Structures are given as C-alpha cells and as structure tokens.
Amino acid sequence: MAEPSSNGKQRPDTFEVRILRQDKPGSPSYWERHRVRYEPEMNVISVLQRIAAQPKTVDGKQVAPVAWDCNCLEEVCGACTMVINGRVRQSCSALVDRLLDENPDEIELQPMSKFPVVRDLVVDRRRLFRALQKTSCWIPADGYYDMGAGPRQPPALQEQNYPLSQCMSCGCCLEACPQYTKVELARRPDETEEQFEQRKQQAYDQAFVGPHAISQVMLFNSHPTGKFNAGERLEALTAPGGIQICGNAQNCVAVCPKQIPLTTSIARAGRATTLHSLKKWFGS
Ligand code: SF4
Ligand code: SF4
Ligand code: FES
C-alpha cells in the first residue's frame, strides 16, 4: 500500500483511469484504460500529465498521449471542464483522493457530451461563446479616452450582480440542461471552410442559448451603462432559441461550480422578456 492520503485513508500503489477517447472530430469514440501511480494531493490534470509522460494502456500498448484542455489551474478559466466519474466539473479542482472515495476502483473521464469533440477530452465550446455574442453580453465602449469614473452602483445592486459576474463560461450548466441539445454538423464535400463556419453559426443561433447567457443578460441589463442596450438583449432572448426553450428543470443551478443563482436569473429574465413583449405589442 502507498502512504495514506491527505484524508487519512490508505490508498493502493496505483489506480486505473478509464478515458473515453476520440481521435478527431466526427470519428468513433472508444474507451481506453491507463494505470497511474498514486501520489498524495493529485488532481485530474496531474493524472493526465502522468499519462502523457508514459502513454501506455493497462495491457502495455503504446498509444498517442491523451489530449485535454486547461489554462488557469485554479477554477477560473473554465477550459478544463469534463465529465469525471459521471459528473461534469473542472479537472483542475477535481482531487484524486475525493474521486477515489467516490469510486475506489477507477476514475472515469469523458468529454462533455453537448459540444463537438475536437480530440479526446478537448471539446469545441464556440457555441457557448456565440450565445454570449448573440445576446450582446458586454458593455459597449464609445471611445478609449478618459471620461472619468463610471456611474456608481448601490450596494444592493452590487450584491445582486457580483455572483453573476463570476461566470467562467465553463459549460457545466449546459452539459446538465436537458433542453440544451448537441449541435454537430459535418462539412459538405462542396463547402468551403468559410461556408461551413457560417452554416454552423446559423445552426448555433437557432438552438437554445443556455442558462449562462440568460444569466449574463440579467447581469448586463442591470448595469448602469449596460441597461442602455437592455432592449436589444431581451429581443435576443425572445428570438428562436431564447428563454422560451427553458423547461425549468433546474439542473443547471445544481451543477454550477460558482453557485450562480441561475434559476433566479431565469425567473427575472422571464418577467423582463414578458414585459418587453407587452411593451412592443402596445407600441410603447
Ligand atoms: S432551468 Fe432551464 S436552463 Fe436550467 S437546466 Fe432547466 S431547462 Fe435548462
Ligand atoms: S453559469 Fe456556472 S456552470 Fe454555467 S457556464 Fe457559468 S460558471 Fe459555468
Ligand atoms: S484550468 Fe482553468 S478552470 Fe481548470
């Protein structure tokens, strides 16, 4: 047995990691098993680094290193999100000791299922960012000269908005949402790369924007400067693929690693879009 883990439990010298791999976009996926030597304080990224250093399966077959994405290593960028032991989360903050408590036999890694796989555990999250673009989730800058301090935000507004501002576009809420279904297109033989990208973007714009974008609309619409474009954002939320697709299953709020009150944002957005539509009908 190896030395005890940080929570005092004895661990085996090695443990197995089962990974769902895919060689390229659109190709079939397959499971592969690796054996990794246990070390205290490991996270899933360090497990993947050990596998990359010696990419051999449990039966000794030499394979290509497993591909994964990461950046900040402190649960801020959202890039390392994957499905670990059946639950979507960040691989940088997923600790091996806790995962082996969940399942002492193995750790299972899969890419998120709602985005097209680029390779192995790397997915293409462009649809997630496209939704933020479609809903104008930013504050427009009208110049780069000094205009003095911005408008003050009262403490109650800061308290409401700060949690929403912590969204890191990780995709966990989208992975858990039953209404957010995968959009994956194959390039046609007669299509240029540019035409294919355009077709993808159109398909993304018709599909559900997702709870992250709805919540960001509420953040920017209550900002003193952002509210000047509130109508434009609400218009995008009532377009095809907007808030009407949400079935209120509340899975999104349960998995958000930043504990963003997504269902509160969705309820606020529902009221705001209804009011926006009524005003439009009555021409005010
Ligand atoms: S509340 Fe809406 S956005 Fe959240 S998981 Fe349910 S359907 Fe998806
Ligand atoms: S709302 Fe939460 S789960 Fe969804 S993308 Fe933002 S941080 Fe991730
Ligand atoms: S590497 Fe940035 S959240 Fe994990």
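**Sheet, enclosed helix and selected contacts in a predicted model**

Isoleucine 84, in β3, stands opposite arginine 87 in β4. The model that shows this pairing is predicted. The two strands, β3 and β4, run antiparallel and share 4 bridges. Between them lies a hairpin with 2 residues between the strands. One residue there, asparagine 85, takes a positive phi near 50°.

Isoleucine 84 also has a partner in β5, where it stands opposite leucine 109. The pairing of β3 with β5 is antiparallel as well, over 2 bridges. In a regular strand, side chains alternate between the two faces of the sheet. In β3, Thr81 and Val83 point one way. Met82 and Ile84 point the other way. All four of these residues are buried.

These strands belong to a wider arrangement. An open sheet is formed by 5 strands, in the order β2-β1-β5-β3-β4. Its pairing is mixed. The edges are β2 (29-37) and β4 (87-90), each of which pairs on one side only. On average, neighbouring strands of the sheet are turned by 30° against each other, direction ignored.

At the β2 edge, the partner strand is β1, made up of residues 14-22. The sense of the β1 and β2 pairing is antiparallel, and 9 bridges support it. Within this pair, arginine 18 stands opposite arginine 33 in β2. A helix is set against the sheet. Helix α1, residues 44-53, lies across β1, β2, β3 (81-84) and β5 (106-110). Its direction makes an angle of about 85° with β1.

The chain as a whole contains 10 helices and 7 strands. Its C-alpha atoms fill a box of roughly 70 × 55 × 40 Å along the principal axes. Of its 284 residues, 46% count as buried. Among contacts with a separation of 6 or more, 64% come from residues 24 or more positions apart.

Helix α7 is one of the enclosed elements. Because 11 of its 11 residues are buried, α7 is largely enclosed by the rest of the structure. Its buried residues include Pro211, His212, Met218, Leu219, Phe220 and Asn221. Several helices take part in the covering. Among them are α3 (126-134), α4 (155-165) and α5 (172-176). The cover also includes α8, α9 (251-255) and α10 (262-281).

Serine 222 sits in the loop between α7 (211-221) and α8 (230-238). Serine 222 counts as buried because its relative accessibility is 15%, and the cut-off for burial is under 20%. Its side chain makes a polar contact of 3.1 Å with the side chain of asparagine 161. A polar atom of the serine 222 side chain also lies 3.3 Å from the backbone oxygen of leucine 219. Beyond neighbours within four places in sequence, serine 222 is in contact with Leu157, Gln160, Asn161 and Arg268.

The aromatic count comes to 1 pair. Its members are phenylalanine 115 and tyrosine 180. A pair of aromatic rings is described by the distance of the centres and the angle of the planes. For phenylalanine 115 and tyrosine 180, these values are 6.1 Å centre to centre and 55° between the planes, and the pair is tilted. Phenylalanine 115 lies in the loop between β5 and β6 (117-119). Tyrosine 180 lies in the loop between α5 and α6 (193-206). The pair therefore ties together parts that are 65 residues apart in sequence. Both phenylalanine 115 and tyrosine 180 are buried.

The disulfide count comes to 0. Cysteine 70 is in no disulfide, and its nearest cysteine sulfur belongs to cysteine 80, 6.8 Å away. That distance lies outside the disulfide cut-off because the two sulfur atoms would have to be within 2.5 Å. Cysteine 70 has a relative accessible area of 31%, so it is partly exposed. Cysteine 77 is also partly exposed, with a relative accessible area of 24%.

Technical notes: Residues are numbered from 1 along each chain as its sequence is written. Chains are lettered from A and ligands numbered from 1 in the order in which they are written. This is a predicted model: local features need pLDDT of at least 70, side-chain atom pairs count only at pLDDT 80 or more; totals for chains, interfaces and linings use all residues. Side-chain values use heavy atoms; hydrogens and water are left out. Buried means under 20% relative accessible area, exposed over 50%, partly exposed in between (1.4 Å probe, protein chains only). A polar contact is a pair of N or O atoms within 3.5 Å; within protein, one must be able to donate a hydrogen and the other to accept it, and residues adjacent in sequence count only if both atoms are side-chain atoms. Contact means heavy atoms within 4.5 Å. Two strands pair if DSSP finds at least two bridges between them. Axes are lines fitted to C-alpha atoms, for helices over the stretch in contact, and angles run from 0 to 180 degrees between N-to-C directions. Rings of Phe, Tyr and Trp (its six-membered ring) pair if their centres lie within 6.5 Å; planes under 30 degrees apart count as stacked, over 60 as edge-to-face and the rest as tilted.
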